[in-house]
Amino acid sequence: MNAIFKLFSVILFVLLSWNYSFGEVFNTSKSFDLLCMPQYIEQIKGNPQFEELCADSVFISDISEVNSICKASKLCNLYSELKGDKNDISQCLHIMWHLDSLAGDIEWANDIISVQPQLVYVLQKLVDCGYSEYWDKTVYPTLKSHIDNYDLAPDLLNAIHNELSDFFSPESLPDIHSKIYILNIKNAFNLSDESFCCTPLILNPEIEKQLRLNFKNIYIHENLHNLYISPELMAKLAELENDTFYNGKEAIARNHGEGKNEAFVVAAEVYISHKLGIRDNQSVFDEFSQYVDGSLVLAPIIYVNLSGRTRGESYNDFLLRLFETGTLKPGVIEDNYNSAMEAIRAQIL
């Protein structure tokens, strides 16, 4: 997910010495923040410590090349896949230096490996200029402050986890809660090990109001990205490209870096959030009409039909059934979208 999406939580804020962990939920990661720096280089451009480095044309050129190939989310996912230590900068650099041998058999990592020299140059230069110390003294205290000042009833985390487990059924969700890495970034993305990374901005209640999002929504949303989506379902989704209304809206979603199966996740998040009382009916309507400029037109159709999901039916099979019964098929999307939005609007008091 490339925009600012939905997420959550607080558990006892027990600072475990200097290991950057807060209870069982919130974590920070010096390694992840280093890997995110190419995408967020603007954050240090005005800092005297990095002034000379940011004036290095080779450094800036290599950052541009890295960013043209891979985003911070892919770099963090690869590092996590390779079991890199989340707070050991030396290990992070070692893994990046040896990506060709360590990740050569990971097909989706080929694009990252193609810019390995540029990536290594950028990360090594940042570390040589004292990024580790900068993170300890500047980044970490800011992240910790956001975490310490975010307050939420601990019981809600268990309630959300229970609802997610129920929604995932008959698929399984780990009994432990997802680890959340609060990073010095401006978005949120999930990791393949069912943890995820998130901006600290969403921990600010005032910003939550401005964005119509909150940490709880993001927590739910990112966990839902772990739901199984079959090739058969994706093939059915591709058939909707023959629907003029859907195709026009999908083009808007793609311009935002969204689209494809994102509507499946958004529909599920809104459904669970509404069930838990995190969203009211107005919030449901606003989310479908405003998120990504209202382009995820399948989401409200799916949402209004979720009450018809049968017990023991996976979410994947439920969505396939919507295609098979004609609820989602070329030629009917605009009418079904309008009907769904009207049904949602009618629930607003």
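Angles over 145 degrees between helix axes count as roughly antiparallel. Keep that cut-off handy for the exercises below, which all use a predicted model.

**Exercise 1. Work out how helix 16 and helix 19 are arranged, and which residues join them.**

Step 1: Start with what to look for. Two packed helices are described by the angle between their axes and the distance between the axes.

Step 2: Get those values. The axes of helix 16 (residues 281-290) and helix 19 (residues 333-346) come within 9 Å, crossing at roughly 155 degrees.

Step 3: Apply the cut-off. Since roughly 155 degrees is over 145, helix 16 and helix 19 are therefore roughly antiparallel to each other.

Step 4: Add the handedness: helix 16 goes past helix 19 in a left-handed crossing.

Step 5: List the contact. Helix 16 brings Asn281, Val284, Phe285, Phe288 and Ser289, and these meet Tyr337, Met341, Ile344 and Arg345 of helix 19. Sorted by class, that makes six nonpolar, two polar and one charged residues.

**Exercise 2. Decide whether helix 18 is mostly covered or mostly open, and find what it packs against.**

Step 1: Count. Helix 18 (residues 315-324) has seven of its ten residues buried, so call it mostly covered.

Step 2: Name them. The buried set is Tyr315, Asn316, Phe318, Leu319, Leu320, Leu322 and Phe323.

Step 3: Look at the partners. Those buried residues pack against helix 10 (155-168), helix 13 (231-239), helix 15 (262-276) and helix 17 (298-305).

Step 4: Tie this to the core. Tyr315 is one of the residues that touch the most other members of the 114-residue largest nonpolar core, alongside Leu99, Leu126, Leu224, Leu298 and Ile302. Helix 15 gives this core its largest share, eight residues.

Step 5: Zoom in on Leu224. Setting aside neighbours within four places in sequence, its contacts are Leu164, Phe167, Phe168, Val265, Ala268, Glu269 and Ile272.

**Exercise 3. Find backbone oddities in the loops.**

Step 1: Recall the background. Most residues other than glycine have a negative phi, and most peptide bonds are trans.

Step 2: Check the peptide bonds. The one from Ser169 to Pro170 is cis, with omega near 5 degrees, and Pro170 sits in the loop between helix 10 and strand 3 (180-182).

Step 3: Check phi. Lys260, not a glycine, has a positive phi of about 55 degrees; it lies in the loop between helix 14 (244-255) and helix 15. Its relative accessibility is 59%, so Lys260 counts as exposed.

Step 4: Asp293 also has a positive phi, about 60 degrees, in the loop between helix 16 and helix 17.

Technical notes:
Residues numbered from 1 in each chain as written. Predicted model: local features only at pLDDT ≥ 70, side-chain atom pairs only at ≥ 80, totals over all residues. Heavy atoms only, no water. Axes fitted to C-alpha atoms, helices over the stretch in contact; angles between N-to-C directions. Helix = DSSP H or I, 4+ residues; strand = E, 2+ residues; numbered from the N terminus. Parallel < 35°, antiparallel > 145°, perpendicular 65-115°, else oblique. Left-handed = near helix turned anticlockwise from the far one by under 90°. Contact = heavy atoms within 4.5 Å. Nonpolar A, V, L, I, M, F, W, Y, C, P; charged D, E, K, R; others polar. Buried < 20%, exposed > 50% of the residue type's maximum accessible area, 1.4 Å probe, protein only. Core = buried A, V, L, I, M, F, W, Y, C linked by side-chain atoms within 4.5 Å.
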